[in-house]
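Me: Could you take a close look at one part of this structure for me, the aromatic pairs and whatever sits around them? Walk me through it in one go, please.

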Amino acid sequence: MGIKEQKGNSGKIRPTEDKFPLSKFNYPVFCLKYLHKDYHLNHCIRDEKIAFIEKLLTLSTMTWEQIQMAPRHGLGTEKISQSSIKASKPASVTPDVSFYALRFQGKKAMVGYKSDFIFHIVYLDRDFTLYDH
């Protein structure tokens with residue numbers, strides 16, 4: 001599958017680029033590294049956490065094109081301007097970065113940005129306070 005163990009002391013397994021090129025990623029890979037402390041999964045109740053996980057599972061089976069074509073309040077996405085975001089932004093966000101909202105429970109939004117095939121989830125807007133809806 002394009003993954004092989006590297007020899008040496010590290011013992012880490014790394015993908016080999018020649019057998020698994022990044023251009024093959026036409027589906028989302030989700031990253032939670034930059035979750036904002038005020039819009040974190042820790043603030044979600046059990047039902048919201050379950051809905052979030054179920055939505056990630058569903059979106060993981062779709063291509064980015066399918067997500068972009070879907071209704072924005074269903075499985076789709078909508079663009080959110082940086083100036084609309086009321087919370088601080090991670091240092092990794094430069095002025096040219098576009099934020100997008102994906103829904104995870106009703107109209108509750110996971111808001112983040114896309115970097116290549118990775119969707120970095122920065123905010124879980126469970127109480128509709130991140131931006132004016």
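Reply: A quick definition to start: buried means under 20% relative accessible area. Keep in mind, too, that this is a predicted model.

By that cut-off, Y39 and Y123 are both buried. They also belong to the aromatic pairs, of which a search of the whole structure finds 6. The ring centres of Y39 and Y123 lie 5.9 Å apart with the planes at 85°, so this pair is edge-to-face. In sequence the two are 84 residues apart, and the pair links distant parts of the chain. Y39 is in the loop between β3 (29-31) and α1 (46-60), while Y123 is in strand β7 (residues 118-125).

The pair has company as well: Y39, F99, Y113 and Y123 form one aromatic cluster.

Now for the strand that carries Y123. In β7, 7 of the 8 residues are buried, so the strand is largely enclosed by the rest of the structure. Part of its surroundings is β3, which runs parallel to β7 and is joined to it by 3 bridges. Among the residues involved, C31 has H120 in β7 as its bridge partner. Strand β6 (residues 108-115) pairs with β7 too, this time antiparallel and through 7 bridges. There, V111 stands opposite our tyrosine, Y123. The hairpin of β6 and β7 has 2 residues between the strands, and D116 takes a positive phi near 55° in it.

Back to the loop between β3 and α1, where H36 also has its place. With 11% relative accessibility, H36 counts as buried, because the cut-off for that is under 20%. Leaving aside residues up to four places away in sequence, H36 touches A87, S88, V122 and Y123. That gives two residues of this loop to look at beside Y123: H36 through a contact, and Y39 through the ring pair.

One more aromatic pair deserves a look. F52 and F104 are edge-to-face, with 5.8 Å from centre to centre and 85° between the planes. F52 lies in helix α1 and F104 in strand β5 (residues 99-105), so the pair ties together parts that are 52 residues apart in sequence. Both F52 and F104 are buried.

If you're turning the model on screen, Y123 is a handy place to start: from there you can go to Y39 in the ring pair, to V111 opposite it and to H36, which touches it.

Note on methods
Residues are numbered from 1 along each chain as its sequence is written. This is a predicted model: local features need pLDDT of at least 70, side-chain atom pairs count only at pLDDT 80 or more; totals for chains, interfaces and linings use all residues. Side-chain values use heavy atoms; hydrogens and water are left out. Rings of Phe, Tyr and Trp (its six-membered ring) pair if their centres lie within 6.5 Å; planes under 30 degrees apart count as stacked, over 60 as edge-to-face and the rest as tilted. Helices (H or I, at least four residues) and strands (E, at least two) are DSSP runs, numbered from the N terminus. Buried means under 20% relative accessible area, exposed over 50%, partly exposed in between (1.4 Å probe, protein chains only). Two strands pair if DSSP finds at least two bridges between them. Contact means heavy atoms within 4.5 Å.
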